[in-house]
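Hi,

Here is the structure I said I'd pass along. Have a look at it first, and then read on for what I found in it.

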Amino acid sequence: AAWLLAGVVLARAAPRPAGAAPRRDAGRRRLLRARVLAGALGVVLAVAGVSALAGDRDLRAAQRADAAGRSGMAAAAADRATARRPDDVDAWYVAARVAAGGPGLLAVDAGLDRVEEGLGHLPRDPALRSLHTSLLVERAVRSGLPADLAAAERSARALTRDDPAGPDGHRLLGLVLAARGRDAGAAAALERALALDPDDAVAEEALAGLDAPDPAEDP
């Protein structure tokens, strides 16, 4: 919208070629085109503003419904927010979290669907990437399937490479390695998470639940 408005202003301000005689009709046509473009720009901005406000309202409704335990209403409101504001990371985050809050793998898969759609719009957003890895690990721990465990480990390792100073990736890597029975690697990852965030209760509990690691084990 900003570039469109700048184009209108520059087009109207452009000087006439040397020696060109002013033409009243041409000037009127340019003025009419500028007014049409300005009107169209106003409509676009108004629609975008209304959509943004409606998306924010839906997001707040989703958060209130989720806090009240009304998961169906929360999911519907969050999905409306993502439809109105596909560029809003908060909307995708809430939608994925609400959808994944139910029991069973189907709920986790519903959360994964939403966070992956959000990553399609915001592929490098760190919050969505961390949530995606978290849901992959949750699915892997619940299912115990080798393919799920391998996918979760790949995602967690990628997260630790991209953000080595962030505790989330190390904690998630520790959880998935523990689920794969690789206690030495799990302990190292969880200890790293606790070094970065001493208040990480999940990492602390998971570390306490590990068996004594085998020093010969490949992390």
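Let's start in the middle of things, with valine 176: leaving out residues up to four places away in sequence, this valine touches Val137, Leu149, Ala152 and Glu153. One thing to keep in mind as you read is that this is a predicted model.

Valine 176 also turns up in the largest nonpolar core, which has 30 residues. Leu112, Val115, Leu135, Ala152, Leu173 and Val176 are the members that touch the most other members. The elements giving two or more residues to this core are H4, H5, H6, H7, H8, helix H9 (183–196) and helix H10 (201–208). There is also a second, separate core of twelve residues, with Ala65, Ala74, Ala78 and Ala81 among them. As a general point, nonpolar side chains in soluble globular proteins tend to be buried together.

Now the overall picture. The chain has ten helices and zero strands, so if you read the elements from the N terminus on, you get α-α-α-α-α-α-α-α-α-α. Of its 219 residues, 36% count as buried. If you take contacts between residues at least 6 apart in sequence, 53% of them join residues at least 24 apart. The chain exposes about 12900 Å², and carbon and sulfur atoms supply 58% of that.

Next, helix H6, residues 126–143. What span should its 18 residues have at 1.5 Å a residue? They should span 26 Å, and the end C-alpha atoms are 26 Å apart, which agrees. The buried residues of H6 include Leu128, Leu131, Leu135, Leu136 and Val137, but also Arg129, His132 and Arg139. What they pack against is helix H4 (89–99), helix H5 (104–121), helix H7 (146–162) and helix H8 (167–179). Both ends of H6 are worth a look. At the start, a side-chain oxygen of aspartate 125 comes to within 3.1 Å of the backbone nitrogen of alanine 127. After the helix comes glycine 144, with a positive phi near 70°.

H5 can be checked in the same way. Its 18 residues should span 26 Å at 1.5 Å a residue, and the end C-alpha atoms are 27 Å apart, which agrees. Buried in H5 are Ala107, Val108, Ala110, Gly111, Leu112, Val115, Gly118 and Leu119, and the elements covering them include H4 and H6.

Then there are two acidic residues in H7. Is glutamate 153, which sits in that helix, buried or exposed? Glutamate 153 is buried, since its relative accessible area is 8% and the cut-off for buried is under 20%. Its side chain makes a polar contact of 3.1 Å with the side chain of arginine 182. Leaving aside neighbours within four places in sequence, glutamate 153 is in contact with Leu173, Val176, Leu177, Arg180 and Arg182, and that list takes you back to the valine we started from.

Aspartate 162 is in H7 as well, but this residue counts as partly exposed, at 44% relative accessibility. Which residues does aspartate 162 touch, not counting those up to four places away in sequence? They are Arg124 and Arg129. With arginine 129 there is a polar contact between the side chains, at 2.7 Å. Aspartate 162 is also 9.4 Å from proline 126, C-alpha to C-alpha, with the two 36 residues apart in sequence.

Over in helix H2 (residues 24–67) you'll find leucine 59. Leucine 59 is buried, with a relative accessible area of 9%. Beyond its neighbours within four places in sequence, leucine 59 is in contact with Ala81, Asp88, Asp90, Ala91 and Val94. Take aspartate 90 from that list: leucine 59 and aspartate 90 are 31 residues apart in sequence and 8.2 Å apart in space, C-alpha to C-alpha.

Finally, a word on confidence. The chain averages a pLDDT of 82, and 72% of the residues score at least 70. Over residues 42–48, pLDDT stays under 50, and the model has one contact beyond four places in sequence for that stretch. Where pLDDT is low, the predicted coordinates should not be read in detail.

Cheers

Definitions and conventions
Residues numbered from 1 in each chain as written. Predicted model: local features only at pLDDT ≥ 70, side-chain atom pairs only at ≥ 80, totals over all residues. Heavy atoms only, no water. Helix = DSSP H or I, 4+ residues; strand = E, 2+ residues; numbered from the N terminus. Expected span 1.5 Å × (residues − 1). Buried < 20%, exposed > 50% of the residue type's maximum accessible area, 1.4 Å probe, protein only. Contact = heavy atoms within 4.5 Å. Polar contact = N/O pair within 3.5 Å; in protein donor to acceptor, adjacent residues only side chain to side chain. Core = buried A, V, L, I, M, F, W, Y, C linked by side-chain atoms within 4.5 Å. Areas by Shrake-Rupley, 256 points an atom, 1.4 Å probe, with all protein chains shown as cover. pLDDT = per-residue confidence, 0-100.
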